Amino acid sequence: MSGSTLLRGTMLLTAATFLSKLLGMIYVIPFEALVGDTGGTLLSFAYIPYTIFISISTIGVPLAVSKFVSKYNALGDYYTGRRVFKAGMSLMAITGVLSFIIMYSSAGLLAELSISDDAKGITKEDVTQVIQMISFALLIIPGMSIVRGFFQGYEYMEPTAFSQVVEQLVRIAFLLISVYVVMELGSGDIPTAVNFASFAAFIGAIASVAVLWYFWRKQRPMLDERIEQQQETVDISMQSLFKELLTYAGPFVLVGLATPLYQQIDSLTFNRAMAEVGNGEIAEKLFGIVNLYSHKLVIIPVTLATGLSLALLPTITKSFTEDRRQQLNNQLNQALQIIVVLIFPAVVGISILSYEAYGTFFGVTIGDSETVGIEQQGALLRWYAPVAMFYALFTVTSSILQGLNKQRFAVISLGAGVLLKLILNIPFIHWFGAKGIILTTGIAAFTAVALNLWKIRSAANFSYKQVYKRSLFIIILTILMTVIVLVVKWLLSLTGLSYENGRFQSLTVLLISAGVGGIFYLWVAYQTTLLERVLGNRVKVLDRFLKRK
């Protein structure tokens with residue numbers, strides 16, 4: 001795949017992932033208005049273990065199939081890829097059912113571990129029911145994911161992109177309608193409403209399957225034709241195929257668990273640690289603020305890394321398999337520079353405008369000694385925003401390692417991060433309160449990224465010289481952007497506009513400040529040819545808006 005094709009596939013998946021995440025962030029606004037911080041925390045208690053069970057149920061097979069199919073397609077062996085796809089579907093059916101049974105039956109234990117004895121507002125029975133409702137999605141998602149992986153192995157990204165968006169749209173529609181009916185037209189019981197919200201994952205998965213079935217029927221003649229035209233059929237035993245597939249798949253499981261593992265550690269330690277230092281009354285609300293609401297905001301920039309990693313895996317695998325070193329070097333450079341040029345200024349912007357962003361999406365509440373207000377909410381988001389950069393880099397560097405057939409090292413780097421998180425979490429909560437879980441996540445993710453970058457350099461004989469030089473320039477541009485945003489915020493404050501005055505003023509300050517800062521960064525990056533050098537000639541479409549002098 002050429003650089004432009006890589007970029008096209010990246011942008012398609014990125015656009016779909018971005019839209020999906022944006023919808024996932026926007027729906028939280030009416031959801032929070034209906035069920036409040038208590039409902040958000042209750043839902044997060046279910047979603048964190050659910051995400052872990054998804055990774056376990058798929059055992060990394062969907063992305064491994066993507067790599068496997070890409071490898072054998074590069075060798076002209078389409079038949080072997082199809083065999084692995086069929087075997088993988090059978091395996092996913094079994095693991096999906098087993099994961100559902102385990103999660104459903106262990107819901108009570110998970111609730112017991114998550115809720116402290118002096119918890120206020122949420123009972124262990126509430127958490128148990130929500131976990132059980134969300135577990136039904138595990139019956140569908142593993143098989144759905146392997147179809148996406150198969151198409152990605154053919155460098156055909158549309159099925160993943162469209163099914164992802166439709167899944168999110170249907171899930172959110174069902175979630176909001178059901179929650180509204182319960183809260184406004186029904187009993188008004190928050191646990192009941194959140195039960196329906198968690199079951200929405202199952203409804204969304206069904207919609208995604210319908211989209212993938214459409215694409216499968218549409219592309220099947222072309223896929224069958226490639227197999228029929230294959231001159232030689234390689235007879236590889238199913239045992240050997242499964243052994244190779246699972247060798248790829250194992251590390252994918254743990255790499256996909258990175259963020260939910262960090263969050264699960266928080267879920268198991270935060271409430272009790274906060275209670276130990278006398279803050280148990282507000283612990284549940286603070287947990288929801290960090291791991292649900294703030295996380296929804298900071299994860300938006302990471303969507304680029306998600307789309308990029310999905311597009312990277314088959315292309316890097318192909319370049320590595322065909323021993324095209326220069327092409328591989330160019331792909332690595334482009335992948336890392338895309339992350340820095342787009343995500344770094346985004347996370348800095350979120351940090352600068354954290355109070356305005358939180359106030360815009362989740363409303364403004366002035367806190368006191370017994371409640372959590374915008375003062376704490378904005379501060380927590382400000383601390384959390386930079387962690388998104390490490391999330392993004394870990395996702396992309398792990399995908400690169402998998403493409404280089406060094407996937408086992410990604411497990412080592414993740415293990416080092418998780419170990420640090422486990423060791424530091426409780427002491428940091430005691431010392432820094434809610435900020436403690438953000439700091440430990442940042443330290444853990446940074447450690448994993450640093451180890452991955454070191455391994456990429458040695459495995460691919462890759463030089464970071466160009467990435468380093470461009471990154472320095474991007475940092476300078478971001479500093480200038482920061483100054484511009486701060487000046488705009490100060491000028492707006494002179495007119496009386498402030499996030500403390502409600503959602504509308506928060507939105508006004510956010511739009512004007514982010515708009516001016518974003519346009520400035522984009523204009524300078526374009527005028528200096530930075531965007532063109534990183535993203536390719538496609539950015540010349542901006543010439544009609546930002547004419548280069």
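**View 1. Buried partners E167 and R148.** Both E167 and R148 are buried in this predicted model. Each falls under the 20% relative accessible area that sets the limit for that class. Their side chains meet in a salt bridge, with 2.9 Å from N to O. E167 sits in helix α8 (residues 158-185), while R148 sits in helix α7 (residues 141-153), so the contact ties together parts 19 residues apart in sequence. The structure holds six salt bridges, and the E167 and R148 pair is one of them.

**View 2. The D224 and R220 salt bridge in helix α9.** Here D224 pairs with R220. The closest N and O atoms are 3.3 Å apart. Both residues belong to helix α9 (residues 190-229). They are four residues apart, which means a separation of about one helical turn. How exposed is D224? D224 counts as partly exposed because its relative accessibility is 23%. R220 has 36% relative accessibility, so R220 also counts as partly exposed. Side chains of opposite charge can pair when their charged atoms come close.

**View 3. K421 meets D266 across two helices.** K421 and D266 form a salt bridge. Their closest N and O atoms lie 2.7 Å apart. K421 is in helix α17 (residues 407-432) and D266 is in helix α11 (residues 258-276), so the pair ties together parts 155 residues apart in sequence. K421 is buried, and so is D266.

**View 4. A network of R82, R220 and D224.** Salt bridges that share partners join these three residues into one network. Within the network, D224 and R220 pair with each other. Both of these residues are placed in helix α9.

**View 5. The second largest cavity.** Two cavities of 30 Å³ or more turn up in a search of the whole structure. The second largest holds about 50 Å³ of space. Which residues line the second largest cavity? The lining consists of Y262, Q263, D266, V290, N291, Y384, Y391, I437, I438 and T441. Helices α11, α12 (280-321) and α18 (435-460) are the elements that each give two or more residues to this lining. By class, the lining has six nonpolar, three polar and one charged residues.

**View 6. D266 at the salt bridge and at the cavity.** D266 appears in the lining of the second largest cavity. D266 also forms the salt bridge with K421. Y262 and Q263 are among the other lining residues. D266 itself is buried.

Key
Residues are numbered from 1 along each chain as its sequence is written. This is a predicted model: local features need pLDDT of at least 70, side-chain atom pairs count only at pLDDT 80 or more; totals for chains, interfaces and linings use all residues. Side-chain values use heavy atoms; hydrogens and water are left out. A salt bridge is a side-chain nitrogen of Lys or Arg within 4 Å of a carboxyl oxygen of Asp or Glu. Buried means under 20% relative accessible area, exposed over 50%, partly exposed in between (1.4 Å probe, protein chains only). On a 1 Å grid over the protein atoms alone, a cavity is a set of points where a 1.4 Å probe fits but cannot get out, and a pocket is an open set with protein on both sides within 12 Å along at least five of seven lines; lining residues have an atom within 4 Å of a point. Grid points are joined across faces, edges and corners, and a volume is the space filled by probe spheres set on the points. Ala, Val, Leu, Ile, Met, Phe, Trp, Tyr, Cys and Pro count as nonpolar, Asp, Glu, Lys and Arg as charged, and the others, Gly among them, as polar.
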